[in-house]
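Here's a quick tour of one sheet and one helix pair. Have the viewer open as you read.

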Amino acid sequence: MGLQSLLPPDARERAPLPYPLRPHAVVIGAGIGGLAAAIRLGARGYRVTVVDRLNTPGGRATVLKQDGFTFDRGPTLITAPDLLEELWALCGKRMADHVTLKPLDPFYRITFADGSHLDWGGDEETMRARIAAFAPGEAEGYAKILKESAAIYRVGYEQLSARPFSHVTDMLKAVPQMAMMRADRSLYKMVARHVTDERLRMALSFHPLFIGGNPFNVTAVYALILHLEREFGVHYAMGGTGAVVAGLADLVRGEGHALCPGTDVTRILHEHGRVTGVEFADGARLKADIVVSNACTAHTYGTLLADLPKKRWTVRKLANARYSMGVFVWYFGTRHRYEHLHHHTIQMGPRYRGLLDDIFTGKRLSKDFNLYLHRPSATDPSVAPEGHDAFYCLVPVPNLQGKIDWRREAEPMRRRIQSHLEATLLPKLGANLVTSAVMTPLDFESRLLSTHGAAFSLEPTLFQSAWFRPHNRSEELDGLYLVGAGTHPGAGVPGVLCSAKVLDEVVPAPAGAPHA
């Protein structure tokens with residue numbers, strides 16, 4: 001089926017009509033950020049066409065269905081449901097009527113190489129008691145970290161996350177607030193100031209790994225994640241995060257906009273410094289008044305705008321930028337149910353700083369690893385056949401700048417993970433395994449067009465955040481806007497939803513129809 005047959009009549013390139021039409025926005029990429037952008041632009045009066053090279057919407061959040069199991073390929077938890085609820089409200093609907101979010105308690109179990117574990121979640125009093133038992137003498141330091149996290153949240157999340165940083169003056173205005181948050185410190189350094197138990201330092205600082213950041217490098221601003229979890233809880237969407245994507249896609253279609261999967265944009269068109277539309281792999285073109293790219297930022301500037309002389313995001317600058325780590329994900333199902341496991345388990349290995357140095361700096365594939373084990377069937381029986389368990393195991397690894405041959409290393413890596421899980425969390429795993437699939441940085445590069453196979457786009461260091469990050473309103477081309485992990489405020493479901501919310505501030509309200 002061709003693109004033209006998928007579009008509503010007023011979204012096609014055609015001769016002028018005798019009556020005015022709403023300005024047309026094309027969104028490249030149907031990830032969560034792109035779908036959120038489409039909904040927000042539609043609510044403001046644009047007619048929207050969302051195109052994506054994949055055959056289903058979701059981007060990193062697509063779904064793998066295999067042998068009766070359902071696996072989320074990417075994000076697995078929801079920590080800021082209010083951002084999603086806003087999108088349904090913009091369409092005059094309630095999210096709860098379409099998507100069911102279930103709060104988890106504990107949020108996750110964190111296990112350590114010495115055999116100890118800490119259940120994370122619950123109210124503050126419960127957590128203080130758990131920490132006092134886990135690491136005597138550290139409860140007071142934990143309370144101080146929570147207090148500091150709450151203060152950072154009020155500034156970093158409530159005031160800055162959905163605020164555009166289009167001009168250097170925007171950054172200068174934020175400097176006093178960032179100084180108050182001690183943004184110059186690393187998150188690990190901030191945590192280490194208050195607690196001395198190394199296991200607790202790991203538990204309180206690992207969260208940036210969920211968005212591609214090294215706890216020893218990211219700014220202490222990311223301590224806000226601790227308060228974000230405590231403010232909103234950690235939720236699982238019944239049916240998986242894919243159910244959220246399906247709900248967002250239904251909102252886009254329900255508002256009369258076009259959603260066109262299997263449609264590969266190869267070029268953003270422009271004249272005289274302004275976007276005019278997009279070109280597809282088959283040579284077809286589609287006019288647009290504005291274009292929003294939910295693609296990897298380096299792909300947007302380096303490939304889709306390869307013919308545009310850049311002022312800031314040049315080939316050299318993109319090459320010298322720091323990119324997030326990659327991830328190795330093993331999706332598997334078992335004929336046995338491991339009822340002793342929680343929904344989420346974070347398993348810390350014997351090394352922390354050294355392992356992260358290997359991943360982020362040395363870009364070496366180590367024999368040891370930290371891992372995140374997701375067991376959605378603990379909460380949701382629909383994701384696995386009766387009597388079975390579904391699992392998703394994510395291991396941070398170097399991105400493709402490390403020159404690792406994943407064609408050769410993928411299966412040995414999977415076997416090492418299986419052996420480790422069998423010896424620790426999942427006894428007799430090999431005997432109970434019934435389905436298996438993996439995703440490596442190569443898949444991120446080839447399937448998602450993620451530069452260097454980085455799972456979270458640009459690494460969220462201090463000088464790759466806020467104004468220093470590619471802007472939501474492009475610095476290179478009028479009428480081009482960016483959403484997703486590679487722009488402000490960054491990766492993760494709350495981050496990409498906030499990037500779409502920034503569009504309300506930087507995209508002008510439609511005031512006519514240039515193509516009418």
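## A hairpin at the edge

How many bridges join strand 6 to strand 7? There are 4, and the two strands (DSSP E runs of at least two residues, numbered from the N terminus) run antiparallel. Look for I110 and you'll find L118 as its bridge partner in strand 7. The two strands make a hairpin with 5 residues between them, and G115 in that turn has a positive phi of about 95°.

A word on the model: it is predicted, so local features need pLDDT of at least 70 and side-chain atom pairs pLDDT 80 or more, while totals for chains, interfaces and linings use all residues. Residues count from 1 along each chain as its sequence is written, and side-chain values use heavy atoms, with hydrogens and water left out.

## The whole sheet

The open sheet has 7 strands in the order 7-6-15-16-17-14-18, with mixed pairing; to pair, two strands need at least two DSSP bridges. Strand 7 (117–120) and strand 18 (433–439) are the edges. Further in, strand 16 (371–374) and strand 17 (389–397) run antiparallel with 3 bridges, and Y372 sits opposite L394.

## Two helices side by side

Helices here are DSSP H or I runs of at least four residues. Helix 2 (32–43) and helix 10 (241–254) pack at about 30°, axes 9 Å apart; axes are lines fitted to C-alpha atoms over the stretch in contact, and angles run from 0 to 180 degrees between N-to-C directions. That makes helix 2 roughly parallel to helix 10, a label for angles under 35 degrees.

Conventions
Parallel < 35°, antiparallel > 145°, perpendicular 65-115°, else oblique.
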